[in-house]
Structures are given as structure tokens and as C-alpha cells.
Amino acid sequence: KFRTIDAEFTALMRKVALQPYVLSAVAIPEVAPTLERLHGLLTMIQKTLGEYLESQRAAFPRFYFIGDEDLLEMIGQNRDPLQVFKHLKKMFHGLSGLTHAESGSGMHLTGMSCREGETVPFEASIDLARVPHVHEWLTSVENEMRVTLSCLMGRALAALEAFPKGKDGAPPQEE
């Protein structure tokens with residue numbers, strides 16, 4: 001639809017460009033009605049696009065943290081996760097990237113990293129071939145972050161429990 005509107009607008013502007021004066025340009029038959037019709041069609045397309053972006057945001061609420069242009073770019077780069085990675089900082093505070101590995105079946109996300117350089121491997125890698133849409137694999141990333149941090153916290157608490165304790169229940173003080 002947009003290409004048709006664009007082609008029609010471009011053809012009209014070519015006609016207008018041939019007219020050296022404004023008054024002669026507005027005298028071209030059907031200029032004003034054509035521009036009004038094209039404006040109405042573009043408004044309808046913009047409304048439809050806005051509804052689509054809203055549906056994507058409803059599917060993955062962290063998309064509310066990024067603008068329409070960034071969201072369109074992410075959806076358009078759905079097949080190239082590396083292009084999506086540059087927007088992660090806007091959606092996940094403290095996250096600077098995801099670690100990944102390539103295999104015969106495609107890309108697997110294996111962990112997360114912060115700007116300070118710390119990397120935390122996921123408990124289970126995420127196979128992007130199984131979750132083809134960007135909002136689906138980002139939801140998987142978000143879930144795997146929770147699972148991984150929960151497991152790490154559980155291990156840390158178990159290690160703390162195993163730590164030797166003094167008479168008062170606190171770790172013994174070194175002198």
C-alpha cells in the first residue's frame with residue numbers, strides 16, 4: 001500500500017517540479033484532491049502501524065522502553081539477533097550484551113554480560129531457531145535471566161550455610 005502511495009506522490013511531485021511558479025503548480029488538475037487523498041491514506045497506514053507496534057509492546061512490555069523507530073528496526077532485523085543486541089541496554093538496565101555461540105542449527109544465547117565486563121552464563125542456553133520472533137526470544141532471555149539468578153542465589157545461600165560458624169552463629173573472626 002505504501003509503495004503505491006509513494007509512487008503516486010513521486011509522480012505528482014515530478015509534474016509539480018516541471019512548473020517554475022507556485023501558481024502554475026497549483027493549477028495542475030487534481031493536485032489538491034490527490035494530496036488530500038494521499039494524506040488520508042498515509043494517516044490510515046500510520047494508525048495501522050501504531051496499532052501493530054502496540055501489539056508488539058503488549059507481547060513484550062519491555063518494548064515500551066524503546067521508541068517506534070528502534071522497535072521497527074528490531075522487528076525488521078528479526079533474523080539478525082546481533083543487530084537487536086544494540087538495543088538491549090534500553091530494555092534491560094545493567095545489561096550490556098548477551099553471549100552467544102553458533103552451531104549447526106543456528107545461534108544459541110549462552111549468557112549475559114554487563115558493561116563492567118562480568119559475564120554470567122545461563123543455566124540453559126536459548127536456541128533462537130526454536131523462538132523465531134524477537135519478542136519471543138527476548139521473553140526467553142528474560143525468563144532465563146530469572147532462572148539463572150535464582151539458581152545462583154540458591155547456590156550462594158547453600159555455600160553460606162556450609163561456611164564454618166563461630167559460637168554466636170557468625171563467621172569466625174581472624175585475628
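The following legends describe an overall view and several close-up views of a predicted model of one protein chain.

**Figure 1. Overall fold of the chain, with seven helices and three strands.** From the N terminus on, the elements follow the order α-α-α-α-α-α-β-β-β-α. The radius of gyration is 27 Å, well over the 16 Å that the globule rule gives for 175 residues, so the chain is more spread out than a compact globule. Along the principal axes, the C-alpha trace spans about 95 × 40 × 25 Å. Of the 175 residues in the chain, 28% are buried. Among contacts with a separation of 6 or more, 38% are between residues 24 or more positions apart.

**Figure 2. Surface and charged side chains of the chain.** The exposed area of the chain is about 12100 Å², and carbon and sulfur atoms supply 59% of that area. The side chains include 18 positive and 23 negative ones. The centres of these two sets lie 5 Å apart.

**Figure 3. Surroundings of Ile126 in strand β3.** Strand β3 covers residues 119–127. Ile126 has a relative accessibility of 7% and therefore counts as buried, the limit for that class being under 20%. Apart from neighbours within four places in sequence, Ile126 is in contact with Met107, His108, Leu109, Val131, Ser140, Val141 and Glu144. One of these residues, Val141, is 15 residues from Ile126 along the chain, and the C-alpha atoms of the two are separated by 7.4 Å.

**Figure 4. The cysteines Cys114 and Cys151, whose sulfur atoms are 19 Å apart.** The closest cysteine sulfur to that of Cys114 is in Cys151, and the distance of 19 Å is too far for a bond. A disulfide would require the two sulfur atoms to be within 2.5 Å. Cys151 is likewise in no disulfide, its nearest cysteine sulfur being that of Cys114. The count of disulfides by this rule is zero. Cys114 counts as buried, at 17% relative accessibility, whereas Cys151 is partly exposed, with a relative accessible area of 29%.

**Figure 5. His87 in the loop between helices α5 and α6.** The loop that holds His87 joins α5 (81–85) and α6 (88–91). Although placed in a loop, His87 counts as buried, with a relative accessibility of 3%. When neighbours within four places in sequence are left aside, the contacts of His87 are with Asp70, Glu73 and Met74.

**Figure 6. His135 in helix α7.** Helix α7 comprises residues 134–162. His135 has 18% relative accessibility and counts as buried, since the class takes in values under 20%. Not counting residues up to four places away in sequence, His135 touches Gln56, Ala59, Phe60 and Phe63.

**Figure 7. Backbone conformation at Glu30, a residue with positive phi.** Glu30 is found in the loop between α2 (22–26) and α3 (31–59). Phi of Glu30 is near 70 degrees, a positive value in a residue other than glycine. Most residues other than glycine have a negative phi. At 53% relative accessibility, Glu30 counts as exposed, the threshold for this class being over 50%.

How values were computed
Residues are numbered from 1 along each chain as its sequence is written. This is a predicted model: local features need pLDDT of at least 70, side-chain atom pairs count only at pLDDT 80 or more; totals for chains, interfaces and linings use all residues. Side-chain values use heavy atoms; hydrogens and water are left out. Helices (H or I, at least four residues) and strands (E, at least two) are DSSP runs, numbered from the N terminus. The radius of gyration is taken over C-alpha atoms; the globule rule is 2.2 Å times the number of residues to the power 0.38. Buried means under 20% relative accessible area, exposed over 50%, partly exposed in between (1.4 Å probe, protein chains only). Contact means heavy atoms within 4.5 Å. Accessible areas come from the Shrake-Rupley method with a 1.4 Å probe; for residues, only the protein chains shown count as cover. Lys and Arg count as positive and Asp and Glu as negative; His and the chain ends are not counted. The place of a charge is taken as NZ of Lys, CZ of Arg, CG of Asp or CD of Glu.
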